[in-house]
Amino acid sequence: MTHRVAIVGAGPSGFYAADGLLRGQPDLRIDLIDRLPTPFGLVRSGVAPDHQGTKAVVRQFERLLAQPDVRFAGNVDIGRDLSWDELRAGYDAVIVATGMVIDRKLGVPGEELPHVWGSWKFVAWLNGHPDFRQGPDLSAVRRVAVIGNGNVALDVARLLAKGPEEMARTDIVPEAAAAIAAAPLADIHVIGRRGPQHASFTNNELAEMGRLGRAVALADAAALAVEVPASDPTPERLRKTKNLEILRGFAANVPGGKPLSVHFRFNSAPLAIRPGEIELSSGTLPADLVITCIGYRGEDFPMGEGVFAVGWARRGPTGTIPANRADSHAVAREVLAWLRERDPKSGPDPMPASIDVAGWHRIDKAEIATGGPLGRPRIKLIDWKSLLDIAQGD
Ligand SMILES: Cc1cc2nc3c(=O)[nH]c(=O)nc-3n(C[C@H](O)[C@H](O)[C@H](O)COP(=O)(O)OP(=O)(O)OC[C@H]3O[C@@H](n4cnc5c(N)ncnc54)[C@H](O)[C@@H]3O)c2cc1C
């Protein structure tokens, strides 16, 4: 008898946990369970479609799916199709890798207006998550306020600012690409409540904003006359110093040279949102669409004996894909220590009917086949019926 481990969530942290487990004990049976018929979590539905290099990490994850004792069980929502108690009863250990993607609220009046979108809803739409098929109405959107000073805010601003030719070789959902291309966009404001020395942008992603085909990046030089906090650790100081240098370059750009402008505005806390405008601590801005990129929270899950959390579900919604690796490996070692103290459970396979790895590969193949002739990595299947029909071989 071998131990059976359930990993709930087939995103990066779930895969890294499987990897850590197999490195320590190769004869385990691992079920990687996801509510979607497709694996890879936010690599598929969060990471920006024009950053295909980042998505290449899935090749490592595919190698794990090819292991004989690793089973992908897609289209199984724990809590709906199988309870957490049933899961705990059926497996020797459960690893929770469910991530965190509920948009956090700003907590200002007007936040519930229909032109206010959370970044997750927005990126899930343009990345083809089947539960988020309704995008914002962009047909009359000229001015956008993107709230937040992290890389997700840059993703959102960049995806709106890029022209159709810059998105031509991506896997953005075609309907979303068409809506963005047809929108009368003119000004995108990236708004931070604090100064530029506190922004959490990474250098490469910020610098990319200065190389957009149809948009010029702008910043107010006065806001950039600041110092990076001397108390910061060296890597942070270097990152922030470089960011300030990049932003000073934006401040030297000439407005109006391109059809779109991306304005970086700092020290501007949102106070209220009204139709057509947003009130900031630094003044009022016209805004036909507001997208909040201020972080996420997660769904509750029950902890208890034999249940271990990893990734964003454990640490909160910060950190890049590779940052999950060490954490998942450490938790995998704890799980292995726990298993060593216990005999494997016997009993029937608790897994309900699910989409297996062959089903996912049918989806993958169909998507690549439609994207290839158009020069795109894939055209995603985005509705539940097509995903399930293709996965089941219909
Ligand atoms: C918009 C956005 C852009 C990002 N861009 C980058 C980037 O460019 N580069 C980078 O390095 N990092 C990026 N990140 C961060 C990166 O995506 C995360 O570090 C990583 O995905 C976290 O992995 P995870 O496995 O913990 O969670 P997730 O990737 O969210 O995976 C969780 C999985 O659990 C499944 N699940 C949830 N609940 C259940 C349930 N009850 N039953 C079954 N399955 C369930 C979900 O369907 C999902 O597949 C980005 C994040 C966001 C939000």
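In which sense do strand β7 and strand β8 pair, and over how many bridges? I began my notebook with this question, and I kept in mind throughout that I was looking at a predicted model.

**Entry: a pair of strands**

I found that β7, which covers residues 143–147, and β8, which covers residues 187–191, pair in the parallel sense, and that 5 bridges join them. To fix the pairing in my mind I looked for one facing pair, and I noted that Ala-145 stands opposite His-189 in β8.

**Entry: the sheet of 6 strands**

I then followed the pairing outward and saw that β7 and β8 belong to an open sheet of 6 strands, whose order is β6-β14-β7-β8-β10-β9 and whose pairing is parallel. At the edges I wrote down β6 (116–118) and β9 (215–219), each of which pairs on one side only. I also looked up the turn from strand to strand, and neighbouring strands of this sheet are turned by 20° against each other on average, direction ignored.

**Entry: helices on that sheet**

I next asked what lies against these strands, and I found helix α6 (residues 119–126) lying across β6 and β14 (289–292), where the helix runs at about 75° to β6. Helix α11 (residues 234–251) also packs on the sheet, and I noted that this helix touches β9 and β10 (260–265), with a direction that makes about 110° with that of β9.

**Entry: a covered helix**

Is helix α7 mostly covered or mostly open? I went through residues 151–161 and recorded that 10 of the 11 residues are buried, so to speak of α7 as mostly covered is fair. Among the buried residues I listed Val-152, Leu-154, Val-156 and Leu-159, and I marked that Asp-155 and Arg-158 are buried too.

**Entry: a hairpin**

I turned to β11 (residues 270–274) and β12 (residues 277–280), which pair in the antiparallel sense over 4 bridges. In this pair I saw that Ala-272 stands opposite Glu-279 in β12. The two strands form a hairpin with 2 residues between them, and in the turn I noted Gly-276, which has a positive phi of about 85°.

**Entry: the sheet of 5 strands**

I looked up another open sheet, this one of 5 strands in the order β3-β2-β1-β4-β16, again with parallel pairing. Here β3 (70–73) and β16 (307–309) stand at the edges, and because each has a single partner strand, one side of each is left without a neighbour in the sheet. For β16 I checked the partner, β4 (residues 93–96), and found that the two run parallel and are joined by 3 bridges. As a facing pair I wrote down Ile-95 and Phe-308, the latter in β16.

**Entry: two domains**

I recorded that the protein is divided into domain 1 (4–101 + 298–355) and domain 2 (104–296). Their C-alpha centres lie 32 Å apart, and the contact takes 10 residues from domain 1 and 15 residues from domain 2. On the side of domain 1 that touches domain 2, I noted 5 nonpolar, 3 polar and 2 charged residues.

**Entry: the whole protein**

Last, I stepped back and noted 15 helices and 16 strands in the protein. The radius of gyration is 22 Å, close to the 21 Å that the globule rule gives for 394 residues, so I wrote that the protein is as compact as a globular protein of that length. Buried residues make up 44% of the 394 residues. Among contacts between residues at least 6 apart in sequence, I found that 81% join residues at least 24 apart.

How values were computed: Residues numbered from 1 in each chain as written. Predicted model: local features only at pLDDT ≥ 70, side-chain atom pairs only at ≥ 80, totals over all residues. Pairing = 2+ DSSP bridges. Axes fitted to C-alpha atoms, helices over the stretch in contact; angles between N-to-C directions. Contact = placed C-beta atoms within 7 Å. Domains from an automatic or database assignment. Nonpolar A, V, L, I, M, F, W, Y, C, P; charged D, E, K, R; others polar. Rg over C-alpha atoms; globule rule 2.2 N^0.38 Å. Buried ≥ 20, exposed ≤ 12 C-beta atoms within 10 Å, placed from the backbone.
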